[in-house]
Amino acid sequence: MAHVAVDPDSEVVTAAAVSTAATGDAAVAPALLGDLAVDAEPDADPQVKASTSKGVVYGDSAYGTGNLLAWLDQRQITPMVKAQVPATPGGRFGKDQFRIDLAAGTVTCPARVTVAITPARRGGGRARFGHVCSVCPLRDACTSSAGGRLVTIHPREAELASARARQQEPAWRADYRATRPKVERKLAHLLRRRHGGRRARMRGLVRVAQDWKLLAAAVNLARFAMLGVCWMNSGWRVQPA
């Protein structure tokens with residue numbers, strides 16, 4: 001799989017990488033954000049909030065994992081990353097319709113029944129409603145399981161819940177929709193020609209990665225020409241009009 005990081009203002013590819021098909025997109029993101037991450041090392045004071053953000057990162061739902069959101073938050077990087085909304089088969093109540101109180105360690109269902117979260121070894125846990133579902137008037141709209149509804153709590157539930165709440169804000173949506181097309185357009189530029197990113201021309205992850213980076217560099221040179229950027233003795237400069 002091929003990945004790129006793009007500066008949304010200049011539409012220049014700032015990093016490129018490839019991964020195996022079994023690797024999630026979010027696992028590659030820290031490598032793509034190398035320069036930004038170096039400039040935004042975790043602050044010594046954990047109480048520093050996003051008001052002192054050291055950058056903004058946009059990404060679709062493939063990057064909206066709890067681990068990546070936590071990684072960005074630790075480095076005070078504002079995440080404009082879309083987190084997937086929980087879905088339940090058959091149109092039944094989704095996880096977002098349950099009130100999860102991490103501080104109290106409880107989950108309350110739409111029928112206002114509260115149960116405790118059983119912690120898991122690696123963080124998170126499970127909330128089992130069990131037999132109370134058998135007499136619940138909302139059972140058919142909630143679960144088809146004979147054992148009752150089970151709600152799984154992710155180890156990074158707090159980060160995911162915060163991201164889902166944030167992306168419901170009109171201002172967040174407008175910003176995201178205005179920026180994401182720029183990245184999609186850049187991906188189209190990388191794939192539009194025969195020597196493009198649709199199919200690897202060689203074998204081996206290292207060779208494929210180098211070829212992908214070469215393609216990204218070629219696309220960047222075309223973009224520089226559009227922006228009027230050229231190489232001078234003092235470095236890259238914008239040509240005077």
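# Briefing on a predicted single-chain model

A hairpin joins strand E11 to strand E12 through two residues. The model that contains this hairpin is predicted. Its chain has 241 residues, of which 34% count as buried, and its secondary structure amounts to seven helices and 12 strands. Among contacts with a separation of 6 or more, 49% are between residues 24 or more positions apart.

**Strands and pairing**

- Strand E11 covers residues 229–232 and strand E12 covers residues 235–238; the two run antiparallel and are joined by four bridges.
- Met232 of E11 has Gly235 in E12 as its bridge partner.
- Three strands form an open sheet in the order E8-E9-E10, and their pairing is antiparallel.
- The edges of this sheet are E8 (118–119) and E10 (150–153), each of which pairs on one side only.
- Strand E9, residues 125–128, is connected to E10 by four bridges, again in antiparallel fashion.
- Within that pairing, Ala127 has Val151 of E10 as its bridge partner.

**Nonpolar cores**

- In soluble globular proteins, nonpolar side chains tend to be buried together.
- The largest nonpolar core of this model comprises 14 residues, and Val57, Leu68, Leu72 and Val81 have the most contacts inside it.
- Helix H1 (25–32), helix H3 (66–74) and helix H5 (157–166) are the elements that each give two or more residues to this core.
- H3 supplies the largest share of the core, namely four residues.
- Leu68 touches Ala26, Ala29, Pro30 and Tyr63, when residues up to four places away in sequence are not counted.
- A second core, separate from that one, has 12 residues, including Phe93, Val107, Cys133 and Ile153.

**Salt bridges**

- The structure holds five salt bridges, including the pairs described below.
- Arg185 and Glu11 meet through their side chains in a salt bridge, with an N to O distance of 2.7 Å.
- Arg185 belongs to helix H6 (residues 170–191) and Glu11 to the loop between strand E1 (2–7) and strand E2 (12–18), so this pair ties together parts that are 174 residues apart in sequence.
- Glu11 counts as buried because its relative accessibility of 9% is under the 20% cut-off, whereas Arg185 is partly exposed at 35%.
- Glu157 forms a salt bridge with Lys95, and their closest N and O atoms are 2.7 Å apart.
- Since Glu157 lies in helix H5 and Lys95 in the loop between strand E4 (78–81) and strand E5 (99–101), the pair ties together parts that are 62 residues apart in sequence.
- Both partners count as buried: Glu157 has 4% relative accessibility, and Lys95 has 18%.
- Lys95 and Glu157 also belong, with Arg164, to a network of linked salt bridges.
- Arg156 forms a salt bridge with Glu159, with the closest N and O atoms 3.7 Å apart.
- In this pair, Arg156 is partly exposed at 29% relative accessibility, and Glu159 is partly exposed at 23%.

**Surface**

- The chain exposes about 15,100 Å², and carbon and sulfur atoms supply 54% of this area.
- Leu221, Trp231 and Trp236 make a nonpolar surface patch of about 390 Å².
- Of these patch residues, Leu221 is found in helix H7, which covers residues 205–227.
- Trp231 falls within the range of E11 (229–232), and Trp236 within that of E12 (235–238).

Conventions
Residues are numbered from 1 along each chain as its sequence is written. This is a predicted model: local features need pLDDT of at least 70, side-chain atom pairs count only at pLDDT 80 or more; totals for chains, interfaces and linings use all residues. Side-chain values use heavy atoms; hydrogens and water are left out. A nonpolar core is a set of buried Ala, Val, Leu, Ile, Met, Phe, Trp, Tyr and Cys residues joined through side-chain atoms within 4.5 Å. Buried means under 20% relative accessible area, exposed over 50%, partly exposed in between (1.4 Å probe, protein chains only). Contact means heavy atoms within 4.5 Å. Accessible areas come from the Shrake-Rupley method with a 1.4 Å probe; for residues, only the protein chains shown count as cover. Patches are made of residues with over 30% relative accessible area and no salt bridge: like charges are joined within 9 Å, nonpolar side chains (Val, Leu, Ile, Met, Phe, Trp, Tyr) within 5 Å. A salt bridge is a side-chain nitrogen of Lys or Arg within 4 Å of a carboxyl oxygen of Asp or Glu. Two strands pair if DSSP finds at least two bridges between them.
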